[in-house]
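Here is a walk through a protein chain for someone who hasn't met it before. Take a look at the sequence and the model, and then we'll go through them piece by piece.

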Amino acid sequence: GASPDLVAVRLTASRPGRLSLVLQLDRPERFATRVEQDRDLVMTGQLENGEDGRGVRYACRVRVWTRGGRLTSDGARLIVESADEVRLYIAAVTDLKTFAGRAEADPAAATARDLRGVERRDWAGLLRRHERAFARLYGRTELRLAGSSVGTKRRPTPARLAGAAGDPGLAALYSISAAMP
């Protein structure tokens, strides 16, 4: 079957040993978090359905990989201290049965399967895979607005936002990013 959709985040610093963070997952209600295998932060829960409280079951798993430094936990949070690089791999699954969805009886187990071995994958390879998947979805449409210049397109986004009234190409860029799933 198709490979699962994952979120991958890579954090680096300009100097070794400068990355420290505390990772936790939270929401307003009906959830529990735990640490598994000293590297996975897992949130599970079941939403209210308005009748018997037995709505959609869900799980989110964040796997933490570090280069250098130290990774510890305090039961419901993962703590990274003095790392050179941190990668976060995130999978989320529900048991919702839809016509196009992926219904899983055990969302937490499904997230563990989705992340199996991901930390051993080459970062550049993951990025290339993402770029190909993105191009398949979004490379088939184009929005051109009169008045956009090549010089404008090369300006950093904050500078473009400051002069947005004279940059119709910014609307095209926004329309593409707003359509992302």
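Let's begin with a term: rings of Phe, Tyr and Trp (for Trp, the six-membered ring) are said to pair if their centres lie within 6.5 Å. By that rule, the structure holds 0 aromatic pairs. Keep in mind that what you're looking at is a predicted model. One ring does have a charged partner, though: Arg87 lies over the face of Trp65, at 4.3 Å from the ring centre.

Now step back to the whole chain. There are 5 helices and 8 strands in its secondary structure. If you follow the elements from the N terminus, they read β-β-β-β-β-β-β-β-α-α-α-α-α. The chain has 181 residues, and 27% of them count as buried. As for contacts with a separation of 6 or more, 51% come from residues 24 or more positions apart.

How are the strands arranged? Strands of a sheet pair through backbone hydrogen bonds, either parallel or antiparallel. One open sheet here is made of 5 strands, ordered E1-E8-E5-E4-E3, and its pairing is antiparallel. E1 and strand E3 (32-36) sit at the edges with a single partner strand each, so one side of each is left without a neighbour in the sheet. From one strand to the next, the twist averages 15°. Within this sheet, E4 and E5 run antiparallel and are joined by 7 bridges. To find a spot where they meet, look for Thr44, which stands opposite Ala59 in E5.

There's also an open sheet of 3 strands, again with antiparallel pairing, in the order E2-E7-E6. Here strand E2 (19-23) and strand E6 (70-73) are the edge strands; each has a single partner strand, so one side of each is left without a neighbour in the sheet. The twist in this sheet averages 10° from one strand to the next. E2 pairs with strand E7 (residues 78-83) over 4 bridges, in the antiparallel sense, and Leu19 has Ala83 in E7 as its bridge partner. On the other pairing, E6 and E7 are also antiparallel, over 4 bridges, with Ser73 opposite Leu78 in E7. E6 and E7 form a hairpin with 4 residues between them, and Gly75 in the turn has a positive phi of about 105°.

What about the inside? In soluble globular proteins, nonpolar side chains tend to be buried together. The largest nonpolar core in this model has 15 residues, of which Leu23, Val62, Val64 and Val86 touch the most other members. Two or more residues each come from E2, strand E4 (40-46), strand E5 (57-67), E7 and strand E8 (85-94). E5 gives the largest share, 4 residues. For a closer look, pick Leu23: leaving aside residues up to four places away in sequence, Leu23 touches Leu41, Val62, Val64, Arg77, Leu78 and Leu88. Apart from the largest core lies another core, of 6 residues, including Ala91, Leu115, Val118 and Trp123.

Two charged residues make good stops before we finish. The first stop is Arg10, which is found in strand E1 (residues 7-12). Is Arg10 buried, exposed or partly exposed? Its relative accessibility is 41%, and buried means under 20% while exposed means over 50%, so Arg10 counts as partly exposed. Arg10 and Val86 are 76 residues apart along the chain, yet their C-alpha atoms are separated by 5.9 Å. Not counting residues up to four places away in sequence, Arg10 touches Glu85, Val86, Arg87 and Trp123. Arg87 in that list is the residue that lies over the face of Trp65.

The other stop is Glu104, whose place is in the loop between E8 and helix H1 (107-114). Its relative accessibility is 17%, so Glu104 counts as buried. Which residues does Glu104 touch? Leaving out those up to four places away in sequence, the contacts of Glu104 are Val93, Thr94, Asp95, Ala110 and Arg113.

Methods. Residues are numbered from 1 along each chain as its sequence is written. This is a predicted model: local features need pLDDT of at least 70, side-chain atom pairs count only at pLDDT 80 or more; totals for chains, interfaces and linings use all residues. Side-chain values use heavy atoms; hydrogens and water are left out. Two strands pair if DSSP finds at least two bridges between them. Axes are lines fitted to C-alpha atoms, for helices over the stretch in contact, and angles run from 0 to 180 degrees between N-to-C directions. Rings of Phe, Tyr and Trp (its six-membered ring) pair if their centres lie within 6.5 Å; planes under 30 degrees apart count as stacked, over 60 as edge-to-face and the rest as tilted. A charge sits over a ring if NZ of Lys or CZ of Arg is within 6 Å of the ring centre and within 35 degrees of the ring normal. A nonpolar core is a set of buried Ala, Val, Leu, Ile, Met, Phe, Trp, Tyr and Cys residues joined through side-chain atoms within 4.5 Å. Buried means under 20% relative accessible area, exposed over 50%, partly exposed in between (1.4 Å probe, protein chains only). Contact means heavy atoms within 4.5 Å.
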